[in-house]
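Me: Could you take a close look at one part of this protein for me, a pair of neighbouring strands and what surrounds them? I'd enjoy a connected account that starts from the pair and works outward.

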Amino acid sequence: MHFNGLTDKEVTASREKYGSNMIPDSEPTTFWAEFKETFGDPMIKILLFIAVLMFAMCLFGYAEIYEPVGTIVAVLIVAFVSAKTGVASDTKFRQLKDNTKKDQCKVYRNGVVSVIDVDDIVVGDKVLLQSGDKIPADGILVYGDLKVDNSALNGEAEECSKSAAEGDVRLTDEITGDTFVDKHSLFRGAVLFDGEGILDVQKVGLHTMMGKMAEEMQDDEPDSPLKVKLTKLAQQISKFGYVGAVVIAALYMGSFILAAGGFQAYLSIGAGEVMKDLVEAISLAVVIIVCAVPEGLPLMISLVLMQNTSKMLDHNVLVRKASGIETAGSLNILFSDKTGTITKGRLEVVEFFTADGITIPLDELSQHGKIKSLMDLAIGKNTQSMFDAEDQVIGGNATDQALMKFLGKDVFTKLEDSCTVAEFQSFNSSNKFSQAHLPEIGKVVYKGAPERLLASSKKYLSLLGEEHPIDEAVINAKIDELASKSMRVLAFGYSAQNMTEDKINDDAVIIGFVGIRDDVRAEARESIADVQKAGIQVVMITGDRLETAIAIAKDAGLLKSEGDIALTSAQLNELSDEEVKAIVPRIRVIARALPTDKSRMVRVCQEMNLVVGMTGDGVNDSPALKRADVGFAMGSGTEVAKEAGEIVILDDNFRSIKDAIWYGRTIYHNILKFCKFQLVINVAAVVVSAIAPFFGVEEPLKVTHLLFVNLVMDGLGAIMLGNEPAQERYMTEKPRRRDENIVSRPMMVQILVSGLWLTVLSFIFLKVPFFDQFFHSTEEKLSAYFVLFIWSALFNGFNVRDDGLGIFTGLNDNTGFMKVFITIVAVQAFIVNAGMIPFAAFDWIGNMFSCIPFPLVGWGVVAILAITMIPIDMLRKAVTNKK
């Protein structure tokens, strides 16, 4: 049948009326957008508030300009690093897309067939579809017969037959799971297995099913678990800092009033003196707030995420959004698509057996010469598939292609020269078999449904290549066994008579049978087991029928006990959200699933405060990938799916998903290590700064000292602790809840013990006269105290590396630790001794940090005191780890 198609004028009119077939990409991430987004971080907001306070004090002459400027610079560094990470990840993803050639299709236009970009299709076009083509738009088959693969849309790898519609059939507006598998409807993204036909395009662009899914992905995403935890921590710290600052400032003012002999007596000293004391109290309050807020935490998180984002590329994991990798480590439940994720996404031969029910391992089939040679002929000479110049299987349906891959390119090439096919009859739905006559060997070979070949066969080939009578009971039992594993069984045979059209000769001999299915990836079984050991619930959610889904789930290790639940979309939709929540912990399989089912399950689990992951490769997975806390898109999947996911698994390997989870947990542990490292400093700094004035020590730690602690040291601390190696034990820990506190009770004990010891150490050094002999002046001693504070924090860095006593293990795997340690010591030594260099700029550095050089013996004393942080924490671990 010939189609004229649309004219150029009609194409223009259709595009104006119904729109373009283009599905817009998401807007590229810009540096400015990522930069601005940083300022929504709760920690950054606190830092900006502190900067405003210090600017105000600077205007009244009670603070130096470099104090607020230093804070602003820190914020800008965080924003720059975060923006750079976001843009780099997005750029890598778009480079992958740009390297992919645009899809094209064949369409009737102006009476001839033209090849055009899929984006140029319009409503009313007549598209010529041939085997291997991807359907470019939604519509109705108006000519021909096709077999299509809808797995990109509904997750089913089975081929779906389509026939031409008679009359003016319109595509329904209410799309359900059954619409994908009806007789005439075709949808964008599906792929042709076999056949040829004409598509009448009725919906394009965002009006297609694929387009609607892409549009649905524009919804706001949930906050990452890390952001939720940081927000909670920021609120706790800000309350602690602000309340503590007000209380300490009030007590400080109270000390002046008591010293004056009462409130009236204090007011009588004059407004000038009262104002001076008030400013001192406010200055102390600001110092308390600066001490309380971990200014280095946002910078540390940005640096750690950036470092690990680059590292994960070596593990075939492209992190599109940096927070996604940490979120992966927080997963409670992982919803996985079946086709192409748990399974290989293609049909293949997985089992061979003879008619006496004996299974021959595929790699041992060549040891049975007669069976193997006849099987080669029954496949290689009785097919519509072949190998192309690039060794790819083309032509035929999915079953033919699976058999051809099983045969192999080398065998197929040898068969081409061995004998010719005199006659051939292809498989059709009525006959259910195909046959080929090979005159050189005097045989007709058959391939088809077992019941068709068994109806005409009386004998079979044994393992020794001998003919024996058939026992159908044995064969049927074996076929039923494979059917329970969701395998499709095909029979192969031969006849010594001439070929008879539409008939299998009555002397046919059964060569053997093969079981074909979209099989479970070997690495998926192992990785699913690892993920389950990590306490993460894995749920397979698929468009396949329930029986197939259950068979695959059992093989993959998902269904293990009687209590595990497998249900269909229809059964799921009969349940209310509350009823679903009650059975969520036992759900392992959801079959015949629609995109709405996947999105619903993600939403329901998030309402249960679970951190939800979703893996997938098809358009049908995209909305749920977007809504999940972290979406794992397969690298070979659709562009829509990759746009939706936070993480792209480049090799489609479940092992890479496990690695992403492992690295995510490692990152979180490293963040916890850093929090312990920094919060010990913060606790000590708050207590020392709050109490010291009452003991006659004015500002033992200047604001510039605290900025050095929180920015320079902690920025480098991000490198020091952010690259701590991954440990196997992380994958045996229970998952964390979304709203779980970053600071746990054991962590709080460690912070308080170490922080209080550093406080005690500070007052011993500052107030015990014994230490005065090592310094010539109070200024030297206060400079030495700045060094003591920093070095104590550095030695505590060893303590936080391990919850046990192995604090020095693994340093070879994190060479940056000692490099940063030495760098910080060297930088501080330079700051303290800068005044010895005869240049004004170096004097300014010393004055900015209120530091002067002190004797070498003082450095030795400071080192001995600082190193006591290690035995004190060792003692704490020995006590607490026994409980």
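Reply: Happily. In this predicted model, strand β24 (residues 612–616) and strand β25 (residues 630–634) run parallel and are joined by four bridges. For a concrete point of register, look at Gly613, which stands opposite Val630 in β25. Strands of a sheet pair through backbone hydrogen bonds, either parallel or antiparallel.

Stepping back from the pair, you will find β24 and β25 side by side in an open sheet of eight strands. The order across the sheet is β8-β26-β25-β24-β9-β21-β23-β22, and the pairing is mixed. Where does this sheet end on either side? Its edges are β8 (317–319) and β22 (565–568). Each of these has a single partner strand, so one side of each is left without a neighbour in the sheet. On average, and ignoring direction, neighbouring strands here are turned by 20 degrees against each other.

Now add the helix that lies across part of this sheet. Helix α23 (residues 595–607) lies across β24 and also across β9 (333–336), β21 (537–541) and β23 (587–591). Relative to β24, the helix runs at about 160 degrees.

Helix α20 (residues 546–556) is another element worth a visit. Its buried residues are Leu546, Thr548, Ala549, Ala551, Ile552, Ala553 and Ala556. Just after α20 comes Gly557, with a positive phi of about 85 degrees.

For an antiparallel counterpart to the β24 and β25 pair, turn to strand β10 (residues 348–353). This strand is mostly covered, with five of its six residues buried. It has antiparallel pairings with two strands. With strand β20 (residues 508–517), β10 shares five bridges and runs antiparallel, and Glu348 stands opposite Arg517 in β20. With strand β11 (residues 359–360), β10 pairs over two bridges, again in the antiparallel sense. Here the bridge partner of Phe352 is Ile360 in β11. The strands β10 and β11 form a hairpin with five residues between them, and Gly357 in the turn has a positive phi of about 85 degrees.

A second hairpin can be found earlier in the chain. Strand β1 (residues 104–109) and strand β2 (residues 112–117) are antiparallel and pair over six bridges, with Gln104 having Asp117 in β2 as its bridge partner. Two residues lie between these strands, and Asn110 in the hairpin takes a positive phi near 55 degrees. Strand β1 is also joined to strand β3 (residues 126–130) by three bridges, antiparallel once more. There, Lys106 stands opposite Leu128 in β3.

Finally, here is the setting for all of this. The protein contains 33 helices and 26 strands, and its C-alpha trace spans about 120 × 70 × 55 Å along the principal axes. Of its 883 residues, 55% count as buried. Among contacts with a separation of 6 or more, 73% come from residues 24 or more positions apart. The protein exposes about 36,900 Å², of which carbon and sulfur atoms supply 58%. As for charge, there are 86 positive and 113 negative charges, and their mean positions are 3 Å apart.

How values were computed: Residues are numbered from 1 along each chain as its sequence is written. This is a predicted model: local features need pLDDT of at least 70, side-chain atom pairs count only at pLDDT 80 or more; totals for chains, interfaces and linings use all residues. Side-chain values use heavy atoms; hydrogens and water are left out. Buried means under 20% relative accessible area, exposed over 50%, partly exposed in between (1.4 Å probe, protein chains only). Contact means heavy atoms within 4.5 Å. Accessible areas come from the Shrake-Rupley method with a 1.4 Å probe; for residues, only the protein chains shown count as cover. Lys and Arg count as positive and Asp and Glu as negative; His and the chain ends are not counted. The place of a charge is taken as NZ of Lys, CZ of Arg, CG of Asp or CD of Glu. Two strands pair if DSSP finds at least two bridges between them. Axes are lines fitted to C-alpha atoms, for helices over the stretch in contact, and angles run from 0 to 180 degrees between N-to-C directions.
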